[in-house]
Amino acid sequence: MPKVNLYATFRDLTGKSQLEVPGATVGEVLENLVRAYPALKEELFEGEGLAERVSVFLEGRDVRYLQGLSTPLSPGATLDLFPPVAGGGFERTFGAFPPWLLERYLEEWGGTREGEGVYRLPGAVVRFREVEPLKVGSLSIPQLWVGVEGEEAERWFERIAFAASRGGG
């Protein structure tokens, strides 16, 4: 049965950080999750589709760049559900800044990994995910979306932006 990791307000609404939810596709799992926790419906969906403000990852990949709600799941699959970055947050997409490098920085700065693409730093939570590459002619530049929220979000966001601008050097 697929596992679902819940973060921030999703944890608050369910009282759980991880659940096992039946379903063969992302959509089926989310529908079954909403049946068990109806308060999640307006947070997860807009009309018949996934709310734009919500991030759903399958094994660290945004399902929007797979097959969306139709993405098939293996029995041991792991989904991560992230609510939108709330007030006091900063976000940006960085080009040519690989996730492994950001993870290295976050760990060097004392961050602790809470899940795929989620680190906790003193006074902030950092979320990141790979997004659609920027294509210029035949050139394809990988992109990384980064969101930081919390009391110290601005300080940490500036540090991440500086590290990204240095190209890891």
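Let me start with Arg-129, which has its place in strand E11 of what is, I should say at once, a predicted model. Is this arginine buried or exposed? Arg-129 has a relative accessibility of 15%, and because buried means under 20%, the residue counts as buried. Its side chain is joined to that of Asp-62 by a polar contact of 3.2 Å. If we leave aside residues up to four places away in sequence, Arg-129 touches Ser-55, Phe-57, Asp-62, Gln-143, Leu-144 and Trp-145.

From there I would like to move outward to the sheet that holds E11. This is an open sheet of 5 strands, in the order E8-E12-E11-E10-E9, and its pairing is antiparallel. E8 and strand E9, residues 112-115, stand at the edges with a single partner strand each, so that one side of each has no neighbour in the sheet. On average, and ignoring direction, neighbouring strands here are turned by 30 degrees against each other.

Now for the pairings themselves, beginning with E11, which spans residues 124-136 and pairs with E12 in the antiparallel sense over 10 bridges. Within that pair Val-136 stands opposite Leu-139 of E12, and the two strands form a hairpin with 2 residues between them, where Gly-137 in the turn has a positive phi of about 60 degrees. E12, residues 139-149, also pairs with strand E8, residues 90-95, again in the antiparallel sense, over 6 bridges. Here Thr-93 stands opposite Trp-145 in E12, and Trp-145 is also one of the residues that Arg-129 touches. Towards the other edge, E9 and E10 pair in the antiparallel sense over 3 bridges, with Thr-112 opposite Arg-120 in E10.

Which helices lie on this sheet, and how are they oriented? H4 lies across E9, E10, E11 and E12, and runs at about 160 degrees to E11. H5 packs on the sheet as well, touching E8, E10, E11 and E12, and its direction makes about 5 degrees with that of E8.

H5 deserves a little more time. The helix covers residues 153-165, 13 residues in total, and reaches 18 Å from its first C-alpha to its last, close to the 18 Å expected at 1.5 Å a residue. Its buried residues are Ala-153, Trp-156, Phe-157, Ile-160, Ala-161, Ala-163 and Ala-164. Why do we find them on the same side of H5? They cover an arc of only 160 degrees around the axis, which puts them on that one side. As a general reminder, an α-helix has 3.6 residues a turn, so residues three or four places apart point the same way. The buried residues of H5 pack against E8, helix H4 (99-108), strand E10 (118-121), E11 and E12, whereas the face turned away from the buried side carries the exposed residues Phe-162 and Ser-165.

Finally, let me turn to the other sheet, since Asp-62, the polar partner of Arg-129, takes us to that region. Here 5 strands form an open sheet in the order E2-E1-E7-E5-E6, with mixed pairing. Strand E2 (18-20) and strand E6 (61-62) are its edge strands, each pairing on one side only. Strand E5, residues 55-58, runs antiparallel to E6 and is joined to it by 2 bridges, and Leu-58 stands opposite Arg-61 in E6. Helix H2, residues 26-36, packs on this sheet and touches strand E1 (3-6), E2, E5 and strand E7 (78-82), with its direction at about 60 degrees to that of E7.

Note on methods
Residues numbered from 1 in each chain as written. Predicted model: local features only at pLDDT ≥ 70, side-chain atom pairs only at ≥ 80, totals over all residues. Heavy atoms only, no water. Pairing = 2+ DSSP bridges. Helix = DSSP H or I, 4+ residues; strand = E, 2+ residues; numbered from the N terminus. Expected span 1.5 Å × (residues − 1). Buried < 20%, exposed > 50% of the residue type's maximum accessible area, 1.4 Å probe, protein only. Arc of directions from axis to C-beta. Contact = heavy atoms within 4.5 Å. Axes fitted to C-alpha atoms, helices over the stretch in contact; angles between N-to-C directions. Polar contact = N/O pair within 3.5 Å; in protein donor to acceptor, adjacent residues only side chain to side chain.
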